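Here are a few exercises to work through with the sequence and the model side by side. Try each task yourself before reading its solution.

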Amino acid sequence: MGAALALAERGRGRTAPNPNVGCVIVADGRVVGRGWTQAGGRPHAEAMALAEAGMKARGATAYVTLEPCAHQSPRGPACGDLLIGSGVARVVAAIEDPDARTAGQGFARLQAAGITVTRGTRAEEARRSMAGFLTRQALDRPHVTLKLATSLDGCIAMADGSSRWITGPQARAHAHLERSRHEAILVGRGTFEADAPRLDVRLPGLDGRAPRRVLLSSTIDELPGWSAIPSPAAIATLPDIDHILIEGGAAVASAFLAADLVDRLLLYRAPILIGGGKHALRDIGLTDLAEAHQRWTHVDARQLGMDRLEVYERERNEA
């Protein structure tokens with residue numbers, strides 16, 4: 001399952017509205033097929049892995065990060081039917097598909113065909129991997145990651161607005177990797193006018209994975225090369241976007257936090273002190289300090305050169 005989860009990450013930010021799924025087929029202790037959902041959502045991971053495995057799939061075990069789909073599509077057959085037709089003996093899946101067109105029916109169809117089904121293997125990792133798809137299914141909006149690059153004292157720029165560079169090259173490279181894993185990246189009008197940002201991915205081999213650019217502005221309706229939205233809640237109207245990265249400005253960051261639309265925090269912290277600089281956040285609507293607690297769970301931390309990255313996830317009962 002670990003290999004299937006790693007394969008699923010290859011499609012993250014590229015498969016919407018379909019989930020980024022990974023699949024590995026094992027026969028006699030050897031991997032005979034690998035697959036991950038391709039850009040645009042097709043072919044599915046199972047179809048790709050089965051095509052590679054061929055006749056070796058008969059009697060094999062398929063490890064897949066999401067329940068195989070049970071519904072037919074004009075773009076391809078149901079993965080449950082493909083697995084049945086291939087003759088696999090066992091399917092190990094991480095989580096059930098919340099899409100009402102499958103939602104347990106894929107497992108039931110496999111079991112009715114005599115295939116052994118095991119579910120729940122490394123489920124938490126699979127949910128994190130497919131956070132965009134699962135958030136869209138549960139909340140009808142994209143999964144939102146907020147990126148903040150700050151000094152030790154919480155500043156994102158000098159008092160005059162200069163911010164290049166707070167963090168070092170390793171942290172900036174990691175931020176570009178994060179860009180490549182999102183369908184869209186959003187900034188506010190202040191960042192747009194001050195920096196004219198390209199918001200591309202400047203990493204070797206990933207320069208073709210630049211996300212769509214989104215501008216948050218209540219006054220701009222159209223902008224060549226950009227999608228414009230009037231409010232944080234309007235991210236729900238953006239088509240084929242399941243992961244959106246918020247990068248631009250204290251006002252935008254605060255607006256999304258105040259609206260409780262941030263699901264994941266990327267906090268890059270540089271070992272510097274600025275003092276009277278521009279702070280990362282403004283008012284986020286907090287009226288009681290007790291409300292600030294038990295909202296964020298620390299899930300990852302790593303050193304990136306001289307800088308420190310910490311990752312937090314929003315605790316939500318509904319997602």
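**Exercise 1. Placing a glycine**

In which loop, between which strand and which helix, does Gly41 lie? Also work out whether Gly41 is buried or exposed, and which residues it is in contact with beyond its sequence neighbours.

*Solution.* Keep in mind that this is a predicted model.
- Step 1: Find strand E2 (30-36) and helix H2 (45-53); Gly41 sits in the loop that joins them.
- Step 2: Look at accessibility. Gly41 has 0% relative accessibility, so it counts as buried.
- Step 3: Set aside neighbours within four places in sequence. The contacts of Gly41 are then Arg14, Thr15, Asn18 and Arg75.
- Step 4: Check one of these partners by backbone distance. Asn18 is 23 residues from Gly41 along the chain, yet their C-alpha atoms are 5.1 Å apart.

**Exercise 2. Looking for disulfides**

How many disulfides does a search of the whole structure find? Explain the result for Cys23, then look at Cys69.

*Solution.*
- Step 1: The search of the whole structure gives 0 disulfides.
- Step 2: For Cys23, the closest cysteine sulfur belongs to Cys79 at 8.3 Å, and a bond is ruled out because that is too far.
- Step 3: For Cys69, the nearest cysteine sulfur is again that of Cys79, here at 3.7 Å, and Cys69 is in no disulfide. The cut-off to apply is 2.5 Å between sulfur atoms.
- Step 4: Add accessibility. Cys23 is buried at 0%, and Cys69 is buried at 6%.

**Exercise 3. Describing two pockets**

What is the volume of the largest pocket, and which residues lie nearest its centre? Do the same for the second largest pocket.

*Solution.*
- Step 1: The largest pocket has a volume of about 1300 Å³. Its lining has 46 residues, with Ser163, Thr191, Asp195, Glu247 and Gly248 nearest the centre.
- Step 2: Sort that lining by type: 22 nonpolar, 13 polar and 11 charged. Elements that supply at least two residues each include strand E6 (143-150), helix H7 (169-180) and helix H9 (250-258).
- Step 3: The second largest pocket has a volume of about 970 Å³. It is lined by 34 residues, and Arg127, Arg128, Ser129, Ala131 and Glu313 are the closest to its centre.
- Step 4: Among the elements giving two or more residues to this second lining are helix H1 (2-10), helix H5 (123-129) and H7. By type, the second lining holds 11 nonpolar, 6 polar and 17 charged residues.

Terms used: Residues are numbered from 1 along each chain as its sequence is written. This is a predicted model: local features need pLDDT of at least 70, side-chain atom pairs count only at pLDDT 80 or more; totals for chains, interfaces and linings use all residues. Side-chain values use heavy atoms; hydrogens and water are left out. On a 1 Å grid over the protein atoms alone, a cavity is a set of points where a 1.4 Å probe fits but cannot get out, and a pocket is an open set with protein on both sides within 12 Å along at least five of seven lines; lining residues have an atom within 4 Å of a point. Grid points are joined across faces, edges and corners, and a volume is the space filled by probe spheres set on the points. Helices (H or I, at least four residues) and strands (E, at least two) are DSSP runs, numbered from the N terminus. Ala, Val, Leu, Ile, Met, Phe, Trp, Tyr, Cys and Pro count as nonpolar, Asp, Glu, Lys and Arg as charged, and the others, Gly among them, as polar. Buried means under 20% relative accessible area, exposed over 50%, partly exposed in between (1.4 Å probe, protein chains only). Contact means heavy atoms within 4.5 Å.
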